[in-house]
Amino acid sequence: MHSLEQTTRTGTTRGVGVLLVGFAIALWIVFGRFLFGAGGELTVVYLAIGLIVLVLHVFIARALSRTASRGFPVRPATRGTLIAAWGCGILLGLTIPDITAKGMQTIISGAQQPALDVAIGVANPAGIIMMALTIISLVLANQDAQGPRPTEDDEF
């Protein structure tokens, strides 16, 4: 019984951790620019991205909690994909542009050209890759929750 209680606690901790990181990434994407004086009019538009990131992380956290509570391991591919998605989310927050009183700005470039164009050019792929990796990690986490797949040797 002690083992079941410990795996449930581990699953809950893992799920809460993933949910907290997802919430932090969503906040960074939506409001991170305000910490550096580059926040502006597009925050409302970026709120949709933040909500999608948060909802995906809720489902990932649920799947990882189920995986641990059932006693199954989380594959390295699931962890790696999720960590790579977080890295792309941080990069997106650094390079996503906003319209301010000084014009279009990002955190790392300010309003200076050509750095602004480069930052915007990095933001689009970073956002797309982040969303793709987050969805992939959701699929992998759901597969982990179903348990390991039998090998050919197990079938006979």
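Is aspartate 98 buried or exposed? Aspartate 98 is buried, with a relative accessible area of 0%, where buried means under 20%, exposed over 50% and partly exposed in between, using a 1.4 Å probe and protein chains only.

The model is predicted: local features need pLDDT of at least 70, side-chain atom pairs count only at pLDDT 80 or more, and totals for chains, interfaces and linings use all residues. Residues are numbered from 1 along each chain as its sequence is written, and side-chain values use heavy atoms, with hydrogens and water left out.

**Exercise 1. Describe the overall architecture of the protein chain.**

Step 1. The chain contains five helices and two strands; these are DSSP runs numbered from the N terminus, helices being H or I with at least four residues and strands E with at least two.

Step 2. Along the sequence the elements follow the pattern α-α-α-β-β-α-α.

Step 3. Of the 156 residues, 39% count as buried. The chain exposes about 8,800 Å², of which carbon and sulfur atoms supply 70%; accessible areas come from the Shrake-Rupley method with a 1.4 Å probe, and for residues only the protein chains shown count as cover.

Step 4. Contact means heavy atoms within 4.5 Å. Among contacts between residues at least 6 apart in sequence, 74% join residues at least 24 apart.

**Exercise 2. Locate the salt bridges and state which parts of the chain they tie together.**

Step 1. A salt bridge is a side-chain nitrogen of Lys or Arg within 4 Å of a carboxyl oxygen of Asp or Glu. Side chains of opposite charge can pair when their charged atoms come close. A search of the whole structure finds two such bridges.

Step 2. One bridge joins aspartate 98 to arginine 33, with the closest N and O atoms 2.9 Å apart. Aspartate 98 lies in strand β1 (residues 98–100) and arginine 33 in the loop between α1 and α2, so this pair ties together parts that are 65 residues apart in sequence. Arginine 33 is buried, its relative accessible area being 0%.

Step 3. Another bridge joins the side chains of aspartate 144 and arginine 75, at 2.5 Å from N to O. Aspartate 144 lies in helix α4 and arginine 75 in the loop between α2 and α3 (76–95), so this pair ties together parts that are 69 residues apart in sequence.

Step 4. Aspartate 144 is buried at 4% relative accessible area, whereas arginine 75 is partly exposed at 33%. Leaving out residues up to four places away in sequence, aspartate 144 touches Thr67, Phe72, Pro73, Val74, Arg75 and Thr78.

**Exercise 3. Compare the end-to-end distances of α3 and α4 with their expected spans.**

Step 1. The expected span of a helix is 1.5 Å times one less than its number of residues.

Step 2. For the 20 residues of α3, the expected span is 28 Å; the end C-alpha atoms are 29 Å apart, which agrees.

Step 3. For the 31 residues of α4 (residues 115–145), the expected span is 45 Å; the end C-alpha atoms are 44 Å apart, which agrees. Just after α4, glycine 147 takes a positive phi of about 95°.

**Exercise 4. Identify the largest nonpolar core and a nonpolar patch on the surface.**

Step 1. A nonpolar core is a set of buried Ala, Val, Leu, Ile, Met, Phe, Trp, Tyr and Cys residues joined through side-chain atoms within 4.5 Å. The largest core has 25 residues, of which Val18, Ile29, Val53, Leu64, Leu92 and Met130 touch the most other members. Helices α1, α2, α3 and α4 each supply at least two residues of this core.

Step 2. Leucine 64 touches Arg14, Val18, Val74, Thr78, Leu82 and Ala141, not counting residues up to four places away in sequence. The buried residues of α3 include Thr78, Leu82 and Leu92.

Step 3. Patches are made of residues with over 30% relative accessible area and no salt bridge, like charges being joined within 9 Å and nonpolar side chains (Val, Leu, Ile, Met, Phe, Trp, Tyr) within 5 Å. Phe23, Leu27, Phe31, Phe34, Leu47 and Leu51 form a nonpolar patch with about 560 Å² of accessible area together.

Step 4. Helices α1 (2–31) and α2 (43–69) each supply at least two residues of the patch, and the largest share, three residues, comes from α1. Phenylalanine 31, in helix α1, is partly exposed at 41% relative accessibility.
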